[in-house]
Structures are given as structure tokens and as C-alpha cells.
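Please walk through the fold below with the coordinates open beside the text. The account begins at one helix pair, moves on to the sheet, and then turns to the cores and a few individual residues.

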Amino acid sequence: RRLWQQQLSASPKRTNTTHEAAMALEWLGRLWATATALAALAWLRLNRWLVQVALRRGPRDRRLWHGVAVVGDGVAMGFGEPGVVGRNAGPAGLLERKLFADARLRHRWEVFNLGHWGATSEEWLPSWAARPVALGSGVRETLWRDARASPLLEQAEVVVLHVGAMDRFWAPASSAAPEAVADNAFKLAARLRCLGKEVVVCPPVVGPGSSPAAQAAAAPLADALAAAFAARFRPDLVLDPGLVLMADPNGLLGKRAEFYFAADGVHLNARGYKILAHQVWAAVADLCVRREWEVNRAVIAAQAPGQAPAQASAEHVASAGLKSD
């Protein structure tokens, strides 16, 4: 109401009843959009808790059950796809379905959703010592410490990292530069590699936004972020097969932005998340196959010490359609 009165006092000519009614409808629309966004966020959190905590049965046999964790911001969380029941929203739930349907994989792969709405790349760093600026509710200490204390990240063998899409909204200008975002992603990926995780880094998905200025700046920002991530994760500099930079998803999503993004112009909708999940699956599947190969080789070596496990592991790789090194 105060903002409405300020706008009316700043525009003396706009004091007629028609304009007041139009402004009232505009503010009611914004209030409705905020209420629906909060309701969608609450439902995503409740559904995620039910799937990953409440309805998850018993301990898993690590030889046959494996985990993938999707870490990052609201895109990693799946905000924009609220109408999901019985599975995680966004790339986590869709990726689990694609891994389950992949004939190359013989073990069971679960995908955990550890995304946080509005989180910036800097707020995910282990050195960050505060709760997120955008939405601190539900975070006990920091994003990294809460994730490290979670058994889901402990059980995950592969981590999909999506950070940087929210930096232009919530991070300072110096921290939102594409080079700074790429450097933060590299630091977080390196820390995850120190924990023994295979890491797939996804360049940030840059939505068109809801204003003309944001729409004009979206494409150059997406190109700058993709170039910064490609330079920071160059294969000749990152000599680590367990750290993979996947293809930039903005090339496909940017062609019809109004078709693949939610009403806020920042997060993806169900169609956009399907495209993103397919690209993530293309980068993750080979790592999952190799992980199964390593587990099978260790199991065979433990059960039959007199037999060389190389033959069995080569057969598994051949059945998966990969070449043995």
C-alpha cells in the first residue's frame, strides 16, 4: 500500500479512478504471483523431503545402489515445474528416469536433489560463512556445511553442478562477472573431487527475464558465461577424467525461450527441464557405466582372488557399448 501511495504522489496526473483501479489490479497480480511462487516452492520442498527422506526405505547395498546428487541453484532444484508428485522436480527427477531406462546400466541409480532456490555460486563455496541472501530459511549453517552433513551427498558418487544462473540477481557486481562465476564453479568442483566424487559441471542456464532490458542482456550474458566456463575448464588444463564440463544448454534453450522457460523468465518449465535433463544424462551416463565397471571388478576380485578381473570388466564395458582402455 505504501508503494502504491508513493507512485500516486509521484505522478499527480494519474489520480483518476481508472488508473487507480489499474494499479490496484497490477499490485494484486504481483501479490498473486508472489503467493503462487511461495506455494510452489513450499510444495517442491515438501515433495523433495517425502521422496528423499520420509519414504526412502532402509540402507542401500553400495555394490548395487549408487547415487547422483544435483547441486546448485533454483534450476538444479527444479523451480518452475511445481506439478510433480512422487519424484523430484527438474533435472533430478528426469535424470533418474533416464538412468533407470538406460540399458547400459545394470545397477540402481538414485538421483538426489540438493538445489537451493536463489543460491549464488559464491554462497555454495566451502569458504562462505553465512546463509544465502535470497532464501535463508531451511539452511542451518551454510549451503556447503548442510550438504556435507547430509547423507545424500555422502552416498552420491557423481555430482551434477549447476551454479551461476542466479548470480546476476543476488550477487554483487564484482562476484557476478562471468570469470568470477566460472572460478567459483571450479573451486567447488575441485573440492568435490577431493571428496572422491565424479563431477559434471553444467554451464548456467540464462533465462530471458521478464523485462525488455533483461531480455536484451540475456544472450550476451549466456555467451560470456559459456566462454568463461570453457576457458576455466579447458581439457588441456583440467587433466582429470572425473571432472567433465558438459555442453552449453543455452544453445538449445535460447532458440525458443518463451517455450522453454517459466513465467518468471529465469527458471525452466517442464519442457525446458526435459532438454536439460537429456544433456545432463548424456554427460553422466558414461561416468555411471565406468563406476559400475569399477565396482564389478572389485567384487569379482574379492570373490575370486585367483582370477583376474580384467576379463569380466572388459565384458561389462563391451556390453555397455564403451571401449576398454
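**Helices, sheet and cores**

In this predicted model, the crossing of H4 and H12 is right-handed. Helix H12 spans residues 270-303, and the pair packs at an angle of about 55°, with the axes 9 Å apart. That angle makes H4 oblique to H12, because angles from 65 to 115 degrees count as roughly perpendicular and those under 35 degrees as roughly parallel, whereas this one belongs to neither class. On the H4 side the contact is formed by Gly90, Pro91, Leu94, Leu95, Lys98 and Leu99, which meet Tyr273, Lys274, Leu276, Ala277, His278, Val280, Trp281 and Cys288 in H12.

These two helices belong to a protein that has 13 helices and 5 strands. Of its 325 residues, 45% count as buried. Among contacts in the protein with a separation of 6 or more, 73% are accounted for by residues 24 or more positions apart.

How are the strands ordered in the open sheet? The 5 strands follow the order E2-E1-E3-E4-E5, and their pairing is parallel. Strand E2 (108-115) and strand E5 (243-245) stand at the edges with a single partner strand each, so one side of each is left without a neighbour in the sheet. Neighbouring strands of this sheet are turned by 20° against each other on average, direction ignored. Helix H4 (residues 90-101) packs on the sheet, where it touches strand E1 (65-72), E2 and E3, and its direction makes about 170° with that of E2.

Within the sheet, E1 runs parallel to E2, to which it is joined by 8 bridges, and it also runs parallel to E3, to which 6 bridges join it. Gly72 illustrates both pairings, since its bridge partner in E2 is Gly115 and its bridge partner in E3 is His162. Further along the pairing with E3, Val68 has Val158 as its bridge partner. On its other pairing, E3 (residues 156-162) joins E4 (residues 198-201) in the parallel sense over 4 bridges; Val158 stands opposite Glu198 in E4, and Leu161 stands opposite Val201 in E4.Burial in these strands can be stated residue by residue. In E1, 7 of the 8 residues are buried, so this strand is largely enclosed by the rest of the structure. E3 is mostly covered, with 7 of its 7 residues buried.

Which residues touch the most other members of the largest nonpolar core? Of the 34 residues in this core, they are Trp124 and Val201. The elements that give two or more residues to the core are E1, E2, helix H5 (143-149), helix H6 (151-155), E3, helix H8 (178-194), E4 and helix H9 (212-232). H8 gives the most, with 6 residues. As general background, nonpolar side chains in soluble globular proteins tend to be buried together. When residues up to four places away in sequence are left out, Trp124 touches Val71, Gly72, Asp73, Leu114, Ala119, Leu143, Trp144, Ala147, Val163 and Leu188. Apart from this core lies another, of 32 residues, among them Ala92, Leu105, Val205 and Leu268.

H8 and H9, both named among the contributors to the largest core, also pack on each other at an angle of about 45°, with their axes 8 Å apart. That makes H8 oblique to H9, and H8 passes H9 in a right-handed crossing. The contact is made by Pro178, Glu179, Val181, Ala182, Asp183, Ala185 and Phe186 of H8 together with Ala224, Leu225, Ala228, Phe229 and Arg232 of H9.

A last stop is Leu252, which is found in helix H10 (residues 250-253). Is this residue buried, partly exposed or exposed? With a relative accessible area of 41%, Leu252 is partly exposed, because that value lies between the 20% limit for buried residues and the 50% limit for exposed ones. Not counting residues up to four places away in sequence, Leu252 touches Tyr260, Ile275 and Gln279. Of these partners, Ile275 is 23 residues from Leu252 in sequence and 8.0 Å from it in space, C-alpha to C-alpha.

Technical notes
Residues numbered from 1 in each chain as written. Predicted model: local features only at pLDDT ≥ 70, side-chain atom pairs only at ≥ 80, totals over all residues. Heavy atoms only, no water. Pairing = 2+ DSSP bridges. Axes fitted to C-alpha atoms, helices over the stretch in contact; angles between N-to-C directions. Contact = heavy atoms within 4.5 Å. Core = buried A, V, L, I, M, F, W, Y, C linked by side-chain atoms within 4.5 Å. Buried < 20%, exposed > 50% of the residue type's maximum accessible area, 1.4 Å probe, protein only. Parallel < 35°, antiparallel > 145°, perpendicular 65-115°, else oblique. Left-handed = near helix turned anticlockwise from the far one by under 90°.
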